[in-house]
Amino acid sequence: YPNPSNGILNISGEINAAEVNIEVIDLVGRSLLKQTISGGQLNHSLNLNQFSNGTYILKATSENGTLN
């Protein structure tokens, strides 16, 4: 949240995994940002200010699979 973003995207929730891989992808399919964060209780912010205004896909994966 928020959607649309003000440049900072907050990710929160509880994940039953040791690590979560976060990836920001543009609509062409290019990976623009990758971060690995600790699982458990998530409270993480992504700074997206370096990207142009537009639509992006946020993909989160763990050893348990892809998170939606």
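Colleague: Why is Glu19 called partly exposed?

Modeller: This is a predicted model, and in it Glu19 has a relative accessibility of 45%. Buried requires under 20% and exposed over 50%, so a residue in between is partly exposed. Glu19 therefore counts as partly exposed. The residue lies in strand E1.

Colleague: What does Glu19 touch, not counting residues up to four places away in sequence?

Modeller: Glu19 touches Thr36, Ile37, Ser38 and Gly39, and also Thr61, Ser62 and Glu63. As for distance, the C-alpha atoms of Glu19 and Gln35 are 10 Å apart in space, with the two positions 16 residues apart in sequence numbering.

Colleague: Why does Glu63 count as exposed?

Modeller: Its relative accessibility is 56%. The exposed class begins over 50%, so Glu63 belongs there. Glu63 lies in the loop between E3 and strand E4 (65–67).

Colleague: Which residues are in contact with Glu63, leaving aside its neighbours within four places in sequence?

Modeller: Ala17, Ala18 and Glu19 are in contact with Glu63. For Ala17, the C-alpha separation from Glu63 is 6.8 Å, although the two are 46 residues apart along the chain.

Colleague: What makes Ile15 buried?

Modeller: Ile15 has a relative accessible area of 18%. Buried means under 20%, so Ile15 is buried. Ile15 is placed in strand E1. Leaving aside neighbours within four places in sequence, Ile15 is in contact with Val20, Gly39, Gly40, Leu42 and Leu67. The C-alpha atoms of Ile15 and Glu63 are separated by 11 Å, at 48 residues apart along the chain.

Colleague: How do you know that Asp26 forms a salt bridge with Arg30?

Modeller: The closest N and O atoms of Asp26 and Arg30 are 2.6 Å apart. The criterion is a side-chain nitrogen of Lys or Arg within 4 Å of a carboxyl oxygen of Asp or Glu, so the pair qualifies. The structure holds 1 salt bridge.

Colleague: Is Asp26 buried or exposed?

Modeller: Asp26 has 7% relative accessibility. With the limit for buried at under 20%, Asp26 therefore counts as buried.

Colleague: Which residues touch the most other members of the largest nonpolar core?

Modeller: They are Val20, Ile22, Val24, Leu33, Leu46 and Leu48, in a core of 14 residues. Strand E1 (8–26) and strand E2 (31–47) each supply at least two residues of this core. E1 gives the largest share, 7 residues. In soluble globular proteins, nonpolar side chains tend to be buried together.

Colleague: What is Val24 in contact with, leaving aside its neighbours within four places in sequence?

Modeller: The contacts of Val24 include Leu33, Leu46 and Leu48. Arg30, Ser31, Leu32, Phe51, Tyr56, Ile57 and Leu58 are also in contact with Val24.

Colleague: How much space lies in the largest pocket, and which lining residues are closest to its centre?

Modeller: The largest pocket holds about 490 Å³ of space. Of its 18 lining residues, Pro4, Ser5, Leu48, Gly54 and Tyr56 are the closest to the centre. E1 and strand E3 (56–62) are the elements that give two or more residues to the lining. The largest share, 3 residues, comes from E3.

Colleague: What is the lining of the largest pocket by class?

Modeller: The lining has 10 nonpolar and 8 polar residues, and no charged residues. Asp, Glu, Lys and Arg count as charged, so none of these four residue types is in the lining.

Key:
Residues are numbered from 1 along each chain as its sequence is written. This is a predicted model: local features need pLDDT of at least 70, side-chain atom pairs count only at pLDDT 80 or more; totals for chains, interfaces and linings use all residues. Side-chain values use heavy atoms; hydrogens and water are left out. Buried means under 20% relative accessible area, exposed over 50%, partly exposed in between (1.4 Å probe, protein chains only). A nonpolar core is a set of buried Ala, Val, Leu, Ile, Met, Phe, Trp, Tyr and Cys residues joined through side-chain atoms within 4.5 Å. Helices (H or I, at least four residues) and strands (E, at least two) are DSSP runs, numbered from the N terminus. Contact means heavy atoms within 4.5 Å. On a 1 Å grid over the protein atoms alone, a cavity is a set of points where a 1.4 Å probe fits but cannot get out, and a pocket is an open set with protein on both sides within 12 Å along at least five of seven lines; lining residues have an atom within 4 Å of a point. Grid points are joined across faces, edges and corners, and a volume is the space filled by probe spheres set on the points.
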